[in-house]
Amino acid sequence: MLLLRAIGLMFLLTMASLLPSKAAEADLRATIAKFADASGFSATEAVVRELTASGDPAVERPLSALADGNLYIRKSDSQVFVGKEAGDGIELLDPLSGEKAADAAKTDLTKIKVNNGLRRTIRDALGTLTLRAKDASARLAAAMTMFKTPDAANIEPLDAAIAAETDPGVKTLFEQARAASVLVSDKPEADKLAAIPIIAARGDRDALSLLTSVDANAQGAVKDAANAAIGHINSKLALWDAGQNIWYGISLGSVLLLAAIGLAITFGVMGVINMAHGEMVMLGAYTTFVVQQVIRTSFPGLFDWSLVIALPLAFLVAGLVGLAIERGIIRFLYGRPLETLLATWGVSLILQQAVRTIFGPTNQEVGNPSWMSGSFDVGQLAITWNRLWILVFALAVFAVLLYVMKRTPWGLQMRAVTANRRMAASMGIRTPWVDALTFALGSGIAGIAGVALSQIDNVSPNLGRGYIIDSFMVVVFGGVGNLWGTLVGAFSLGIVNKFLEPYAGAVLGKIVVLVLIILFIQKRPRGLFALKGRAVEA
Amino acid sequence: MRGNFAKITKILSAGVVAAGLLASASARAAEDTIKVGILHSLSGTMAISETTLKDVMLMLIDEQNAKGGLLGKKLEAVVVDPASNWPLFAEKARELISKDKVAAVFGCWTSVSRKSVLPVFSELDNILFYPVQYEGEESERNVFYTGAAPNQQAIPAVDYLMSADGGSVKRWVLEGTDYVYPRTTNKILEAYLKAKGVPAEDIMVNYTPFGFSDWQTEVSAIKKFGSAGKKTAVVSTVNGDANVPFYKELGNQGIKAEDIPVMAFSVGEEELAGLDTGPLVGHLAAWNYFESVDTPANKKFIDDWHKFIKNDKRTTNDPMEAHYIGFNMWVKAVEKAGTTDPDKVIDAMVGVSVPNLTGGYSTMMPNHHITKPVLIGEIQADGQFETVSQTPGLVMGDEWSDYLPDSKDLISDWRAPLSCGNFNVKTGKCGGKGTN
């Protein structure tokens with residue numbers, strides 16, 4: 001019987017939204033017109049409340065436009081429109097029907113201002129209005145909003161919505177939202193006690209937040225039940241926290257690995273103290289910026305591919321610059337580490353200032369392609385896509401590099417030259433060219449690291465500065481000359497760092513890690529995985 | 001042989017002529033122009049922020065020259081590059097004053113660079129205009145502070161968040177970069193919040209290193225702190241470069257401004273220019289100027305700036321306005337004193353009033369700070385700020401915070417009889433010490 005009534009009600013509602021009566025529409029238009037006279041946020045909020053009070057789903061369009069800052073008043077006749085950017089001007093749409101009404105220049109329009117308070121009001125209002133939306137994700141969003149802003153008045157519409165809901169996932173959320181609303185209402189204690197386990201079953205921070213505020217205001221059995229639920233959620237979250245620290249550590253480790261892996265070649269394999277390593281990373285990031293710039297102006301459809309296109313280019317750019325540095329400077333300085341250090345430091349300053357002169361000193365905007373934005377949840381763990389992709393990418397680069405070093409003739413020559421230069425030369429290997437190409441490879445890898453790092457850091461001339469010390473730390477810790485050492489070194493430093501951070505804070509955490517590394521080097525001067533053989537003695 | 005000799009004589013004589021020309025040029029410059037020093041880093045880490053200020057100074061000097069200069073003479077800019085190196089700031093300041101004989105210097109960004117040049121300015125008795133918001137706890141005879149003191153930015157920002165409009169915030173995260181400005185500002189804010197009845201467990205203070213880029217732990221700590229059932233906000237004194245990854249992480253972890261707003265004191269239009277602002281809409285910043293302020297003076301300023309820099313995408317920001325105000329004040333004070341002699345100009349500066357870009361007048365107060373309106377803005381999708389709150393009147397810069405026990409009894413008045421930057425009203429003596 002209830003179901004029948006609910007279906008009937010829904011039918012009526014659908015009919016009403018399909019054929020808004022002329023009178024109702026005129027009323028809505030009259031209300032929307034009031035936005036033009038509303039000065040100040042509280043006046044605008046009053047109009048919003050009046051619109052939502054109508055209960056008409058048609059108000060969703062103007063309200064969400066308002067929340068997004070797209071509701072405009074035309075200066076000439078004070079009419080209210082939904083605006084859509086179109087080239088230099090703005091396309092004006094009818095606030096109710098959404099049909100195109102006119103075009104206008106930006107100067108002819110006044111944007112209706114919104115602040116956070118107003119956005120919250122609109123979000124809450126839309127929550128109640130979209131409970132019955134056809135789109136399941138819209139209903140889900142509505143349920144989430146209602147859960148976060150529980151209100152005794154929500155119980156009735158939620159009851160109706162639960163009865164009509166067919167999607168089990170959405171239904172659970174509706175029930176949780178209803179339970180939240182029950183807790184803040186003046187319903188009898190028994191209802192509230194029944195509501196607490198429903199909320200506790202969520203087990204997340206939102207549930208914790210709600211229960212804590214209930215706990216602060218309740219008495220007696222409800223308070224005890226809320227307390228027990230909070231304790232339960234907290235102990236579960238503590239486990240998730242540990243998992244989260246590990247994930248953050250792995251993610252930081254992957255960034256360190258990316259930054260250091262090029263250095264593992266130039267410093268680790270060749271023994272060149274390359275202070276300009278960070279600038280190779282920076283050049284890679286700027287290559288990404290240039291690629292995106294070209295794509296934005298000429299091929300906007302390709303934006304999601306920008307990083308893939310930038311990768312080989314960044315490798316080439318940084319690799320060529322590396323080749324030039326090796327041929328131009330470093331080859332004259334082999335065996336003189338101090339001079340190499342100073343010379344490459346000078347090169348790094350020159351590169352920084354060159355980029356500053358060409359691109360300007362300010363940060364450049366490098367956009368995230370859609371597949372690198374946002375996050376997804378694993379239990380209570382929020383994993384951001386960009387970090388996940390960077391981890392995958394770092395491991396892929398590592399695997400390719402390992403293959404090149406161990407399985408290709410070029411890698412064999414590289415290792416031969418490192419192990420015993422004179423013997424390699426006697427065997428007919430052109431050691432100067434192997435040196436040059438190895439250095440170019442290390443630089444090129446730093447360049448593709450720059451492509452990835454442009455996604456999480458500033459693209460500015462100073463980008464490389466932030467990574468150079470960390471990179472040296474990783475390579476020295478992991479063991480000079482050993483790629484596996486770099487991998488293990490990067491991940492262990494990342495994880496140790498992230499476990500220290502919540503307790504010691506970011507500043508102290510870094511210091512502690514540095515002290516630990518110094519102590520470790522005292523004990524094992526050659527790092528985690530020491531290279532054995534003549535090369536080390538040489 | 002002869003040919004060679006002739007060549008040498010030619011080179012020598014050319015050199016002599018050139019030297020003579022140079023000498024006469026510099027002699028003429030000393031007579032006919034007034035030199036203005038610009039002490040901003042054009043290379044190194046701070047170049048990102050300071051280069052723009054150098055450019056805006058050049059523009060202001062050009063404009064003044066187009067208006068006929070000052071005291072019948074042309075202004076001449078002397079630009080030096082202290083390269084983000086704090087001791088070099090002091091050296092370059094000395095060079096500007098002793099060698100180039102500038103009448104005033106406009107410069108510095110970080111507090112540490114300002115502290116490094118202070119002794120030079122008092123020893124050689126010249127004038128420094130400092131255009132950036134800072135932590136206060138200082139008032140020097142030779143320095144004019146045209147940026148905001150904490151009470152012109154931090155305190156009104158917190159007041160706004162506490163108000164119903166700002167969301168009646170009850171729990172506070174004070175997130176900052178680990179150096180003097182955030183530490184002092186947070187000390188003041190903590191004392192202020194406690195005075196307003198916020199319990200200690202509702203305040204979380206956290207610092208990160210310069211240029212920090214891995215914000216995952218910090219942002220999830222903020223999320224955790226915010227899930228205690230009370231409205232939470234973040235007050236951020238995170239500096240320059242570290243902001244971009246901070247906001248990216250906030251966006252990625254889904255922290256929305258409606259739930260946990262972030263109020264920033266060091267994020268302006270310039271910082272947002274390197275960022276996709278879509279996920280940041282609604283986060284806040286407190287300044288004394290926004291590019292979006294709709295006044296005729298601001299429109300003209302922006303147009304002039306775009307023409308000068310030949311790029312109409314370049315933004316304007318708060319420290320640029322501070323230089324605009326400071327430069328105009330200096331021009332007015334020089335005209336009032338009838339000379340560029342620093343001693344006379346310093347005395348003439350107090351009480352000088354010039355229009356600011358937000359539609360009012362800013363006045364130099366006896367404590368060498370100026371009056372300004374305080375604006376709270378929300379970040380918009382186009383990288384601009386929308387003003388959501390503005391102090392009803394002008395706020396006078398308070399150099400010695402009333403909320404710190406060490407400095408609450410101190411005042412500063414550089415006018416004739418008192419002429420002291422740290423007068424203790426309790427003991428009646430000049431020479432009190434503040435917090436740092």
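**Exercise 1.** Find which residue of β15(B) is the bridge partner of B:Leu375, and place the two strands in their sheet.

*Solution.* In this predicted model, where local features need pLDDT of at least 70, side-chain atom pairs count only at pLDDT 80 or more, and totals for chains, interfaces and linings use all residues, B:Leu375 has B:Gln390 in β15(B) as its bridge partner. Residues are numbered from 1 along each chain as its sequence is written, while chains are lettered from A and ligands numbered from 1 in the order in which they are written. Next, β14 of chain B (residues 375–379) runs antiparallel to β15(B), with five bridges between them; strands here are DSSP runs of E with at least two residues, helices runs of H or I with at least four, numbered from the N terminus, and two strands pair if DSSP finds at least two bridges between them. Finally, the open, mixed sheet of seven strands follows the order β7-β6-β8-β9-β10-β14-β15 in chain B, with β7 and β15 of chain B at its edges, each pairing on one side only.

**Exercise 2.** Determine how many residues each chain brings to the contact between chains A and B, and which element of chain B gives the most.

*Solution.* Counting residues as in contact if their C-beta atoms, placed from the backbone, lie within 7 Å, one obtains 47 residues from chain B and 51 residues from chain A. On the side of chain B, the elements that give two or more residues include the edge strands β7 (203–208) and β15 (385–390), together with α7 (216–225). The largest contribution on that side is made by α7(B), with seven residues.

Conventions. Contact = placed C-beta atoms within 7 Å.
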